[in-house]
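Here are my notes for you on this model. Keep the 3D view open and look things up as you go.

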Amino acid sequence: MGRYVIRRLLQFIPTVLGTMFLLHYITSLAIQFSGNPVRALFGDRTPPPALLEAITERLGYGDPCLDQRGNPCFGLFLDRLQNIFFHFDFGINLRQRDVTDLVADALPFTLKLLVIAIVFEAVVGIAAGVLAGLRGGSFTDYLVKISTVFVISVPIFVLGVVVREFVGVKFGNVLRGQEWIPDVISVGVFAPVFKQEYPLASLIIPGMVLGAVSLATTARLTRTSIMENIRADYVRTARAKGLTNKRVIGVHTLRNSLIPVITFLGVDIGAAMAGAVVTETIFNVPGIGRLVTFSARTGESSVVVGVVTMLVLVVLLANLLVDILYAVLDPRIRYE
Amino acid sequence: MSDLTSAGAAIGGAPVAGDGPTTDAPGGSGKERSASLWADARRQLVRDPVFMIAFLYILVVGSMAAFPKLWTSQDPRNCDTARSRIAPSGEHPFGFDILGCDYYSHAIYGARPSMVIAIMATTAIVVFGGVLGLLAGYYGGWVDTIISRVMDIFFSLPFLLGAIVFLTVIKRQNVWTIAMVLFLLAWPTIARIIRGSVISSKDLDYVHAAKAVGARNGRIMFRHILPNAIAPMLVYATIVLGSFVAAEATLTFLGVGLQPPAQSWGIMISTHQVYFLEDPWLLLFPCGLLVGTVLSFILMGDALRDALDPKFR
Amino acid sequence: MRGKFLKVAVVATATAMLATACGGGSNDDESAGKTGGTLKVYNAEPAFLTPSGGDDEPSLYVIRQLYRGLVKYNAQTSAVENDLAESVESTDQKLWTIKLKSGYTFDNGEPVNADSFIRSWNFAAYSPNAQNNGYFMKRIAGIKDVQSQDPDGDGPQKAPEPKAKELAGLKKVDDLTFTVELEAPFSGFPTTIGYPGFFPMAQACVDDIAKCNETPIGNGPYKIDGSWQHNVAINLVRSDSWKGDAGKPDRIEYRIFADVDAGYAAFQGGELDVMYTLPPARYKEAKATYGDRMFELAGDSFTYVGFPLYMDEFKDKKIRQAISLVIDRQSIIDAVFDGRFAPASGFVAPSFEGARPDVCKYCQKDVEKAKQLLAEAGGWPAGKKLTLWANAGAGHDQWLQAVGDQIKAALGIDYELKVNLQFAEYLETADKKKFTGLFRLGWGPDYPFMETFLYPLYGTGAGSNNSGYSNAEFDALMKEGDSAASMQAALPSYQKAEDILGEELPVIPMWWRKEAAIYSENVDQFVWNAVADADYGATSLKQN
């Protein structure tokens, strides 16, 4: 057990460094090939070279290796690692704010959104999956299958915009016209976009849109897993022992079937963060996803890389924890 | 686009990163049995109406992509702003877009980039991911460690974020570069599936037997081990084709996908989504085609899995 | 990064105003709207909240309520009126004497005096401070000495310290008087200093600029409540230290959106009182829904298609005229922009004093004449594709494609689009004159004076002359206007210069943006300043 954990931790280090280097190299290439992002700050006006130079210097884009196309900028990479690991400094944006500050501001919103999304996909996804799995081939099974797959096939940005316009604006305005509906429902939950006054209520619908994407996978995974387990020997044994159907399904089948589903949900946090890029933009949630989209649109690669590096660290850590947890739960793994 | 990685998870079994063994690789089946497996599968698929409908739909879309002239004689680039956003009529079944180009012929010609990107990227991940997964699973040890770490590096980049980062750097946003980015970000999943199924089948008796009679590594890998991995790979590849078609549209929406005057469903959707309250058909036609395609691929993948996995019989 | 960056100017004629504030001048504001209430407005995330740093629309909208400057612009006539200044005078248009009114203070109690202005302008101009609005100090004498040049262009060596810390052209006479010496005479100087880049800053602000950016120390009618909640909101409340005309709402809340479509959805859901801009595709719908609560004004934001005059193909002006003649601007505007823009037939915004219609003789569609001109010029090289450039991701490819379609249909010249460069790289391509075909660019005025549309774009070697146009006669006429005795006297020279452009067409004028704002039923009177745009402090709410 201990050896497995240590081995896994040792593997973690090169992965983190490799990922960070990949990101570093990509941004260096971006600046080498597409020019100084500071220039775009001035738009149609051509700034005096001295001013451009000063701002560039302050943002740390002044390193000469950024002028040589293809140069991997190892020096800059080492500086960056030092800043990250010793000073917890992920760089600054074009407006001279620390990326760590930007992320700290944005993180609470994204976390709330993620929690809502994950809860939604877990509850609805597992319920749908269990229904479908227990009655494989039935009408319910097909209904769940078609509806979940349909949700996957609609691009999330179309889904988001349609929900915003029809649920948030059209339906919400009808609700807001009714006196008897409490504000928290009409103004909060059905707000077209994120609202400061209702920081949790107004995130429910965006969270559901975000969760909808993985909902399908959760449901399908549960279905597969249930269908496998229901044929397993230990379930047959349980039935043979004369246990009630309820107990067989509820305790024996479900508990075992949910292991892969729950691990999936854990890993899905990373994917959901990426999905937040679109959802947050559409619903104006001031979270990390909107930050990344905005920075990508304005060419602020320093922010994109800073934020993505942080996210990747989180994802990798989550993977590491899930693996270790898995090893604890499943004895086959640690003796591999 | 979490469906990209997660779709793989749903098929490959254990979705966990790292070294967890994949649990539901198809049971070890010899050459003879696998032949009958495929025959069985074919029989079952032909009888499955969902699969056949999806298959026919893909054939239709495929023919649009390959031979657009079969479907329309109009030139999608023949535009006139005077005809901007005219509603569908008998002669122009999809109406005109905002620049006054015939929307139907646009949609037909738009099938090609979407399909070409999906097919190229999928072929690439199957070949590249397959080979790396095979090597990692078969040799284990250092080879496995290195390949697994590289997989982890790419795997840790959330799909959309990674695509944004790559595509803003590459600049040349055409069919080739988008296919390449999709490939770069998606190959680890398939490599992992193959690796898992190779690990679970390399200790089987007939493999040991082949080794004992002195078969070379290459022969063992390709003749004895790989066939076991083909079923899950095929299923995953079918589903991933669908996700790639959808991914092209999402990337275009985020401003890092194909650029006009190229025509693709993604461009049609993201250009016209703002008009959907006024002129909903501008969004509905390309969206319908796209959703139909993605849906068909996923349903085909589902049916394939059910047919190929003996446990579901 | 779309659209323009500066929002400083317009001289709207009275007829162009669909004025909301009724009655005559701006002095009857007291009777016009009631005070009180909370105004919730749409905004994007500002870049900076300091006068020296903020140069983008979202920043300026906030800064103009937090700070006040020497002059302001009349809401209807956009004439320059003194605000904190007692007088702004000069005899030779080169040395300007500015006298201040007394009794104004910053929110922290510091007085607003000659030092506050000199301090602010020096801070902006000194290049190591890296302030965006340093650009606007370019006319003040001594600017070269406070901005250091990099010895080897883009290379590895750092730029040295500038020679001087302060602008030699700024001199304090007494507490309430200072003089400004310009590098060259400029009759339009008084119009420029109403731009927020010229607003004063407190010593405490300059001492800790980062803190002042988060919690501004202003001198205007509003002060910040709490501090800047990045990406979420900025809340302002009435400032007690302000001595001038009080603002109408008690509180202004700027809600920050990253996406204008999301902002529009929030407005539809009743969460905003004012949106100063609209998503382009929703214009028709908004007009139908909010008709009487939509404010429209001919704008001053210029979109043009430039010719790379450094390429041989475009050296003959007949080619340029022919291409301009085949573009049907109105039909593109109708198709792509819901008819929201006004086709351009000149180079100066129609709302500006001195602007005339039809300066460009080749801006109405006339395919026959175009074919004839093209033939006279010897035709277009057979088989060569015309390249059309625009920056990526800002929605320009749509209309540029329509332009290409029209050129192809009329002159048989096939085209290709080059629309995949992000704005930064695109602008660098422009600076380095590396376009290989027609390129789209825009221009917003820096101040309400005709000159801002002419010299910076077409003067020989001027900063934003991306076509590489050079004409001695044009340059001479501009100089003549700059040193004229008054702003009025300068106009004829500028007009003659514009006429040259109308014949030579270094760029194809396309259209002028129209401003469109919507406001909610809570708003009693909505005020739009012709120069400074939506004026939230002057907008009043219905009181129950």
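What follows is a set of numbered points on chains C, A and B.

1. **Before you start.** Keep in mind that this is a predicted model. For chain A, the mean pLDDT is 78, and 82% of the residues score at least 70. Which elements of chain A sit at the two ends of the confidence range? Helix H13 (residues 331-334) has the lowest mean pLDDT, at 56, and helix H4 (residues 99-134) has the highest, at 87. Where pLDDT is low, don't read the predicted coordinates in detail.

2. **Chain C as a whole.** This chain has 17 helices and 21 strands. Is its overall size what you'd get for a compact globule, or not? A compact globule of 544 residues would have a radius of gyration near 24 Å, and chain C has 24 Å, so the two agree. If you draw a box along the principal axes, the C-alpha atoms fill roughly 70 × 55 × 45 Å. Of the 544 residues in chain C, 58% are buried. Now take the contacts in chain C between residues at least 6 apart in sequence: 70% of them join residues at least 24 apart.

3. **A sheet to find in chain C.** Look for an open sheet of four strands, in the order E4-E5-E7-E6, with antiparallel pairing. The edge strands are E4 (85-90) and E6, each of which pairs on one side only. On average, neighbouring strands in this sheet are turned by 20° against each other, direction ignored.

4. **Walking across that sheet.** Start at E4(C), which pairs with E5(C) in the antiparallel sense over five bridges. Here you can spot C:Glu89 standing opposite C:Thr97 in E5(C). Next, E5(C) (residues 95-100) is joined to E7(C) by five bridges, and these two strands run antiparallel. C:Lys99 has C:Thr177 in E7(C) as its bridge partner. Last comes the pairing of E6(C) (residues 170-174) with E7(C), antiparallel again, over four bridges. In that pairing, C:Leu170 stands opposite C:Val180 in E7(C). E6(C) and E7(C) form a hairpin, with two residues between them.

5. **The two faces of E7(C).** Which side chains of strand E7 (residues 177-181) of chain C point to the buried face? They are C:Phe178 and C:Val180, while C:Thr177, C:Thr179 and C:Glu181 point to the other face and are not buried. It's a nice alternating pattern to trace by eye. While you're there, find helix H3 (residues 114-125) of chain C, which lies across E5, E6 and E7 of chain C and runs at about 170° to E6(C).

6. **One residue in chain C.** C:Phe295 belongs to strand E12 (residues 294-306) of chain C. Why does C:Phe295 count as buried? It has 21 other C-beta atoms within 10 Å, and the cut-off for buried is 20 or more. As a distance check, C:Phe295 and C:Leu441 are 146 residues apart in sequence, and their C-alpha atoms are 26 Å apart in space.

7. **Bent helices in chain A.** Helix H8 (residues 204-230) of chain A has a kink of about 45°, centred on A:Val213. H8(A) is also mostly covered, with 24 of its 27 residues buried. Helix H6 (residues 156-176) of chain A bends too, by about 25° at A:Val163. A:Val163 is itself one of the buried residues of H6(A), which also include A:Phe157, A:Arg164 and A:Gly168.

8. **One residue in chain A.** A:Thr140 is found in helix H5 (residues 139-153) of chain A. A:Thr140 is partly exposed, because it has 15 other C-beta atoms within 10 Å, and that count falls between the cut-offs of 12 or fewer for exposed and 20 or more for buried. Leaving out residues up to four places away in sequence, A:Thr140 touches A:Leu131, A:Ala132 and A:Arg135. A:Pro14, on the other hand, is 126 residues from A:Thr140 along the chain, with 47 Å separating their C-alpha atoms.

9. **Chain B, briefly.** How many helices and strands does chain B have? There are twelve helices and zero strands. Of the 313 residues in chain B, 58% are buried. Among contacts in chain B with a separation of 6 or more, 72% come from residues 24 or more positions apart.

Note on methods: Residues are numbered from 1 along each chain as its sequence is written. Chains are lettered from A and ligands numbered from 1 in the order in which they are written. This is a predicted model: local features need pLDDT of at least 70, side-chain atom pairs count only at pLDDT 80 or more; totals for chains, interfaces and linings use all residues. The radius of gyration is taken over C-alpha atoms; the globule rule is 2.2 Å times the number of residues to the power 0.38. Two residues are in contact if their C-beta atoms, placed from the backbone, lie within 7 Å. Two strands pair if DSSP finds at least two bridges between them. The bend at a residue is the angle between axes fitted to the seven residues ending there and the seven starting there. pLDDT is the predictor's confidence in each residue, from 0 to 100. Axes are lines fitted to C-alpha atoms, for helices over the stretch in contact, and angles run from 0 to 180 degrees between N-to-C directions.
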